[in-house]
Amino acid sequence: MKNALLLLAGLLSATSALAGPKVELVTSLGNLEIELNEEAAPKTVANFLRYVDDGSYKGTLFHRLIPGFVVQGGGFDSDYERLPTYDPVQNESGNGLSNAAGTIAMARTQDPHSATRQFYINLGNNTSLDGGRRAGYTVFGKVVKGEEVLERMSLVPTGMSLQLRARDVPETPIILEQVRRLPED
């Protein structure tokens, strides 16, 4: 875990030549600041910002947590009811961005073009999600502030949820209280 956090800290300190729009994720465990890469993933960023701008991430849950792998959210309300979605977005996983620790990507089904509102943040280097011969999972930004929040999330105990019929569900809900665009610098 310590090596993953050191790697994440290095990623967070790296600067990019082109700064994209930033959003703040206000969670029950603290705030994260995400820089989006609309140059590499324009359709995915536009899709994500649509949910940000309509306010529909407010009160959603991080419903899946696998320490060292991912924390996933945005698709369920506090009663674990699936939320309505816009049309799926075209997969942009061949954009040169990798599922490295501290990046944000779109969750999807087996259909590569099925991503809607659910996203995940990589808690480790998950290059197996990048694809190759097959479509991967679209990375569209990175955490630039709040690595300590990701560490707190990774410590939340998880278990089986009969309601979701899923494992790796946080036993104490991690709530996404608000997501908002930050003013451009």
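Here's a quick briefing on one helix, one pocket and a handful of salt bridges in this structure. Keep in mind that the model is predicted. Helix 2 covers residues 42–54, the largest pocket comes in at about 610 Å³, and the structure holds four salt bridges.

**Helix 2**

- Helix 2 has 13 residues, and at 1.5 Å a residue it should span 18 Å; its end C-alpha atoms are indeed 18 Å apart, so the expected and modelled lengths agree.
- Which residues of helix 2 are buried? They are T44, V45, N47, F48, L49, Y51 and V52.
- Plenty of strands help cover those buried residues: among them are strand 1 (22–27), strand 2 (30–36) and strand 5 (103–106).
- The cover also includes strand 6 (119–122), strand 7 (139–145) and strand 10 (174–181).
- Look just past the end of helix 2 and you'll find G55, which takes a positive phi of about 75 degrees.

**The largest pocket**

- The largest pocket has a volume of about 610 Å³.
- There are 28 residues in its lining, and the closest to the pocket centre are H63, Q72, A107, R108 and Q118.
- Three strands each supply at least two lining residues: strand 3 (60–66), strand 4 (70–73) and strand 9 (166–170).
- Which strand gives the most to the lining? That's strand 9, with four residues.
- As for chemistry, the lining divides into 13 nonpolar residues, eight polar ones and seven charged ones.

**Salt bridges around E33**

- As a reminder, side chains of opposite charge can pair when their charged atoms come close.
- E33 and K22 do just that, with their side chains meeting in a salt bridge at 3.8 Å, N to O.
- E33 sits in strand 2 and K22 in strand 1, so this pair ties together parts that are eleven residues apart in sequence.
- Is E33 buried or exposed? It has a relative accessible area of 14%, and since buried means under 20%, E33 counts as buried.
- K22 has a relative accessible area of 21%, so it goes down as partly exposed.
- E33 also forms a salt bridge with K145, where the closest N and O atoms are 3.7 Å apart.
- K145 belongs to strand 7 and E33 to strand 2, so here the parts tied together are 112 residues apart in sequence.
- Put together, K22, E33 and K145 are linked in a network of salt bridges.

**The salt bridge from helix 2**

- D53 and R181 pair up through their side chains, with 2.7 Å from N to O.
- D53 lies in helix 2 and R181 in strand 10, so the pair ties together parts that are 128 residues apart in sequence.
- R181 is partly exposed, with a relative accessible area of 44%.

**Helix 3 and E151**

- Where does E151 lie? Look in helix 3 (residues 147–154).
- At 35% relative accessibility, E151 counts as partly exposed.
- If you want a landmark, E151 and Q110 are 41 residues apart in sequence and 29 Å apart in space, C-alpha to C-alpha.

Notes
Residues numbered from 1 in each chain as written. Predicted model: local features only at pLDDT ≥ 70, side-chain atom pairs only at ≥ 80, totals over all residues. Heavy atoms only, no water. Expected span 1.5 Å × (residues − 1). Buried < 20%, exposed > 50% of the residue type's maximum accessible area, 1.4 Å probe, protein only. Contact = heavy atoms within 4.5 Å. 1 Å grid on protein atoms, 1.4 Å probe; cavity = no way out; pocket = protein on both sides within 12 Å on 5 of 7 lines; lining within 4 Å. Points joined across faces, edges and corners; volume = space filled by probe spheres on them. Nonpolar A, V, L, I, M, F, W, Y, C, P; charged D, E, K, R; others polar.
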